[in-house]
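I opened the notebook to go through contacts between side chains, then backbone details, and to write down each one with the rule that was applied.

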Amino acid sequence: MADDKDVLRDVWFGRIPTCFTLNPDEVTEREAEAYYLLLPRVSYLPVVTDKVKKHFLKVMRAEDVEEMWFEYEGTPLKWHYPIGVLFDFHASNTVLPWTITVHFKNFPDEDLLHCSSNSVVEAHFMSSIKEADALKHKSQVINDMQKKDHKQLWMGLQNDKFDQFWAMNRKLMEYPTEDGGFRYIPFRIYQTLSDRPFIQKLFRPVSPEGHAHTLGDLLKEMYPDALTNDGEQKRYQVLIHGIEPLLETPLQWLSEHLSHPDNFLHICVVPVPTD
Amino acid sequence: MPVSLLWAVDVYGRVYSLSTAGQQWEQCRNSQMEFKRVTAAQTCCWGIACDNSVYLNVHASDLPIRYQEDTYENQRWNPVDGFSDRLLPSDRWQWSDSSGLQHQPLNGFQLPSSTWEWEGDWHVDENLEGEPTEKEGWTYAMDFPAAYTKDKKWNSCVRRRRWLRYRRYKAMDTWAKIPSQQTTLPDPFSDISCGGWEISEEPGGRLSLWAVSLQGKVWFREGISHHNPEGSSWVEVPLPGEVVQISCGPGDLVWAVLWEGQLLVREGISRDNSKGTSWAVVESPNPEVGAIHVAVGMNVVWAVTKDNKVWFRRGVNSHNPCGSGWISMVGEMAMINVGLNDQVWAIGCEDRVVYFRQGITSSELSGKTWKAINVPRDGDRSHSSASASSLHSAGCFFSGEVRAPSVASDAELDIEHPPGDGAIISSAVLEEEVVPGEGEVNVLSSDAITCTQSGGPPDPQWSNVDLEEAQIQHVQTGAVPDSADSCSLSSVATYTLALEDQYGADEHPLWAWVSGGGCSVDSHSQLNWFNSMLQSVQSMSLSVSPAQTAAWRKQIFEQLTERSKREMDNFRHYEQAIEQSVWVKKGAMQWWRDWKPHKWIDVHFALEQFSGADGNKDGILFIYYNYHEEKKYLHAFINEVTILVPVLNHSKHTFAIYTPERTKQRWPIRLAAATELEMYDWLALLSVSCCDSRGIQGPPSKQAIWSITCKGDIFVSEPSSALEATPYPTPCDQMFWRQVGGHLRLVDCNSLGIVWGIGYDHTAWVYSGGYGGGFFQGLASSTDNIYTQTDTKSVYIYENQRWNPVTGYTTRGLPTDRYMWSDASGLHECTKTGTKPPSPHWTWVSDWAIDYSVSGGTDREGWQYAADFPASYHGFKTMKDFVRRRRWARKCKLSTTGPWQEIPPIQLSDVTILPCSAQSSVDVVPLWAISNKGDVLCRMGVTLLTPAGTSWLHVGTDQPFKSISIGAASQVWGVARDGSAFYRGSVSPSAGDCWYHIPSPAKQKLKQVSVGRTSVYTVDENGNLWYRQGVTPSYPQGSSWEHISNNVRKVSVGPLDQVWIIADKVQGSHSLSCGTVCHRLGVQPMDPKGQSWDYGIGGGWDHITIRGNSMEPSRICLSSMTDPSPQAPRSPLPVRSTESSSALNLTM
């Protein structure tokens, strides 16, 4: 049987084929061709779209260019969510490649955060990791790391260096055997039905009686609508990295193996496609 | 750590055991008897039952306890009858012992007791010191007593032959009564304690058993050993007072408690005198309150005083068995017991719960806290809550005994006046919590009394009534239990029935006695004893069935694969968002420079990694150094690195990097990191990098070649199909080795992927299918199948002395002499305080002790004598001896992780697995082994899915074996301790029927054997490699030994009859290498002996097995290549041992 290590590798090397097209409203000097790219699921849009920007700038006048942003079927894409989450949440079950529209003006300030440079992404990424470690280890692990170790995590993600990233990240995934898991599981549940961007609460990997909590236990407590009751038609898909793990999967294992590099388990609950 | 048992007796006298891996007390069902006390060792458990007899429960083992009886039949020649049993009147008996002085007819041998049985009938021994004799086993001599030979000569006037018969101990896993000695034992025993197995190096089974009688006398059981588990007789030990209780530790500590409350310490216990010589008195910890209980371990003494306070004795060790002072500990206990590793268990005086002392380490012997062992008992559901309640009353009875000195000392007097102490008992009861009784109380508590009468009133009838009265008062007075008025029995039933519902979750068993003498835990042990409810995710996933585990995991694996297919397969031509770049890791290190004078110099070290053209990762190592002020660098391509070897010692954290070129030169790149952690970080990184560049990942394949260094590090290499090709095999020095976690002394495998290893401490391990472990963490290691592994070995130093006419032997040597404390060679000074464990991974676990098990023998103080240093030593002093030495040993222990699971409990010294061809489908794989006592064992139930097998089958031999190997045709070859070989045919599917004796090569004693498809190779004690000539299907024993090579340490013959050895003294262009992997070239079906050696990795290699590699080489059939000119045979040259200090030598 395959080893759990392979899961980490598969998660890291997940790619979404994407077709970038320029918003037709943009003023161009000549027609802009679509640009095709394999986007890493675990990365962030600003980190991986330098080439996209370069491509479209070739056909545009410098004075028409403001901050670049992306949109999918009318929804601005939040750069601070991992790409895989954006795809699973907005575009799962669509035909590939994923078609993203590129904008250079009319930045939707009410929907998106500004991102002037990659250092903003880095700051966001590191604060996520720190938040996750606060939940997992009361910040003990991340605080024990040196500045260069933090850098290594970020550089690993930025440069798509699996080994470099995991050489450090494994420390964040350790826990005392006698505890049976982390203190709390860092997770976020994204759902379509609410105004809240996502659900994030305290949830332990092990019940007070000593049973390992499963994905099902988490959803039952956080978002019971996502579960299918007996006799009902399945209404929602529970997606992590584009797959639907069984509800009896232990949460601790999921947290260790299917978390994004920011150390959060991002769970998307999307309606089952009707057709 | 092997699974072992904690033993306990509840207040009913039922005996329970709790496994270190378990979560439930298992009742010892086969005892018909209730027990008062038990005392456990690892191999057995002794107990006093309520019939006051001593019982022994020997744990069943696949290795039987058998004893060889022998006797000699003597005959003399006369002209009329030839050889006959008519002897001269001056001659010995016709049947005698070896010396001829004892008359020993065959029918004179009796079984020592009913627990023994004969294993077969008498048979003749046909082996004389490794030489087979004629069929009838006669050996001849000119006269008695004389040297006997196997050949009959013209002057052979007498002859004799040896008859053998085995008897076997049959009372396994059952309580066998030790026959009492009516004449010498006037009164029954009340306490018993065993220990002392550490005082001699004799293998398991020897122990000291001490007992206390009701009259306060102390007895010692003589003659307990592996072959005689029951011992032979009780001997009274004179005493200065009357003893109530005694405790014997695993070593030389024995303490006892006197009636008056002082403690006695036995002095003078040694290897030669396990009974000791005298008693010393130690005062009770509290002058006002006497001691009531004592428990000793290796280096600790714990005591309980009559007020139930717990005390720890400071400063106790072999040299000072009395210790120096008492420390008061937290907790109130009824009794205490010290087990293996000085771990402590106790029974709470109030709650009667078994407590484990947490946090005891060799540096913190008093531990940290008491932790209640909270696990259910088997059958807890079956006996009603009534038992728990009535148990409580019995528990009170016990606490009365322990707590009130008057009860204890009165007990004996009370024999005539049993009702007398009712009041005292009830007062004890009244201090307990309110515990209502129940309807069944009568029956149950009388049970409790019958089993717990030790030291108490011996008349169960009377005490039974007393107790019930006590309980009744107790029940009636309820929350205000201060009245001791008596009341009627009838109230019990009415009152208690009403309260039946009160028993619920918090009921717990009440314990009377606990013994950890067989329970091997230490501060690292993971015990599931304390909260039976909580289970970690890991243990969860272990406990659920594999199918269940697979369901969600499998789902994830499948979906991820599917996802990759869906999202990526059709889009491979898309550009990647992130371009791959070079990644560099740099560090500062020291480098053992290549030019003379060799020394460590500071260098900058860098690893540059990049993706190669084909997507494979690759890298280059750079070492930047200064040479005469000029900056220079040395580099090595990662894909050329063949092995990374950690060479850790106390002064430097170094590792060696080999390439094929450097393997040839015997001159690796040696680097030293600043810290151990840094070294391991680098090693793990480099190792991953090397594996990546070669496309190696995951666990070793089934064909893998395993090898072990003299440090116990394990390496594995993936063979290419060209490895055994003729005429152009892959050169040995190009093999890539990667490390696998764990620590072993030897390993064997076959091509089905079954791998077994044996540690330095003779523990058997089976490969779990994982990879990594040890310092490989994260990605370089599998998450599953990695387990903790421990190993123990001894470090030896020598004390040297010279004789001078004035003072005799002194520590003052001649100026030219060796150090007075040295290593075996005498060249290096090794003092007791200055000698460190082999590497920082090892920690001392014992103190220095004289080692008597040195070859050549020793005198009573461990000295060996010789005319001068260095010389051959003997164990007695002669007139010509002017120097002497003795060996000191100290044990150290290592704890690491690796893909190995322990196979308890039998310790092994050799193991062999049937070599299979790649296609063969064998269901049950024959696996043979030698126990560390020399027994030949055959493992049952070894299959692909259960590589650990199920149990051992013992195969009888007339003498101990030391090496064994099984060939592809199910032929087993063994080497016996006398250096001769034995052959046994067709051992599969049955274990075969008999051994054929094969003498060793002339004047050589064989040491090791390895059998491939048909080839049989052996190595003798002088390092010669021998090939067995003339082995044919019709004559599988072969005809003679042919010498192949010298300087050979070990041989491994594989399923293709390929031959690999570990050779000594291999010459390189830079230096000499001991312990080198060598491959026999030119081995072909018509030429199984091969032609020459090819040299591979070396410098401290100890073991190799190629028995997994059944990959047939690709045949090259070009006619021009079929007749290669044979290379000049390169035998490992006998170069004199000129130690080249620059060579990488792992033994340093």
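I began with a salt bridge between B:Asp51 and B:Lys177, in which the closest N and O atoms are 3.9 Å apart; a salt bridge here is a side-chain nitrogen of Lys or Arg within 4 Å of a carboxyl oxygen of Asp or Glu. This pair links distant parts of the chain, 126 residues apart, with B:Asp51 in the loop between strand 5 (44-49) and strand 6 (54-58) of chain B and B:Lys177 in strand 16 (residues 176-177) of chain B. Helices (H or I, at least four residues) and strands (E, at least two) are DSSP runs, numbered from the N terminus. B:Asp51 is partly exposed at a relative accessible area of 30%, and B:Lys177 is partly exposed at 44%; buried means under 20% relative accessible area, exposed over 50%, and partly exposed in between (1.4 Å probe, protein chains only).

Before going on I noted the ground rules: this is a predicted model, in which local features need pLDDT of at least 70 and side-chain atom pairs count only at pLDDT 80 or more, while totals for chains, interfaces and linings use all residues. Residues are numbered from 1 along each chain as its sequence is written, chains are lettered from A and ligands numbered from 1 in the order in which they are written, and side-chain values use heavy atoms, with hydrogens and water left out.

**Further salt bridges**

I then looked up B:Asp125, which forms a salt bridge with B:Arg162 with the closest N and O atoms 2.8 Å apart. B:Asp125 is in the loop between strand 11 (123-124) and strand 12 (127-128) of chain B, and B:Arg162 is in strand 15 (residues 158-169) of chain B, 37 residues apart. B:Asp125 counts as buried because its relative accessibility is 9%.

In chain A, I found A:Glu122 in a salt bridge with A:Lys151, the closest N and O atoms being 3.3 Å apart. The two partners sit in helix 5 (residues 118-137) and helix 7 (residues 147-158) of chain A respectively, 29 residues apart. A:Glu122 is buried, with a relative accessible area of 17%, whereas A:Lys151 is partly exposed, with 38%.

I also noted a network of salt bridges that links A:Arg41, A:Asp88, B:Arg566 and B:Glu567. How many salt bridges does a search of the whole structure find over all chains? The search finds 41.

**Aromatic pairs**

The corresponding search for aromatic pairs finds 62 over all chains; rings of Phe, Tyr and Trp (its six-membered ring) pair if their centres lie within 6.5 Å, and planes under 30 degrees apart count as stacked, over 60 as edge-to-face and the rest as tilted. The rings of A:Tyr81 and A:Tyr190 are edge-to-face because their planes are at 65°, with the centres 5.0 Å apart. A:Tyr81 is in the loop between strand 4 (75-76) and helix 4 (83-91) of chain A, and A:Tyr190 is in strand 6 (residues 187-191) of chain A, 109 residues apart. Both A:Tyr81 and A:Tyr190 are buried.

In chain B, I looked up B:Trp928 and B:Trp995, an edge-to-face pair at 6.4 Å centre to centre with 85° between the planes. B:Trp928 lies in strand 56 (residues 927-931) of chain B and B:Trp995 in the loop between strand 61 (981-984) and strand 62 (996-998) of chain B, so the pair ties together parts that are 67 residues apart in sequence. B:Trp928 counts as buried at 0% relative accessibility, and B:Trp995 counts as buried at 17%.

**Backbone**

Which peptide bond involving A:Pro97 is cis? The bond from A:Leu96 to A:Pro97 is cis, with omega near 0°, and A:Pro97 is in the loop between helix 4 and strand 5 (98-103) of chain A.

Finally, I checked B:His628, which has a positive phi of about 50° although it is not a glycine. B:His628 lies in the loop between strand 36 (617-627) and strand 37 (630-637) of chain B, and B:His628 is exposed, with a relative accessible area of 67%. B:Arg666 also has a positive phi, of about 60°, and is not a glycine, but B:Arg666 is buried, with a relative accessible area of 6%.
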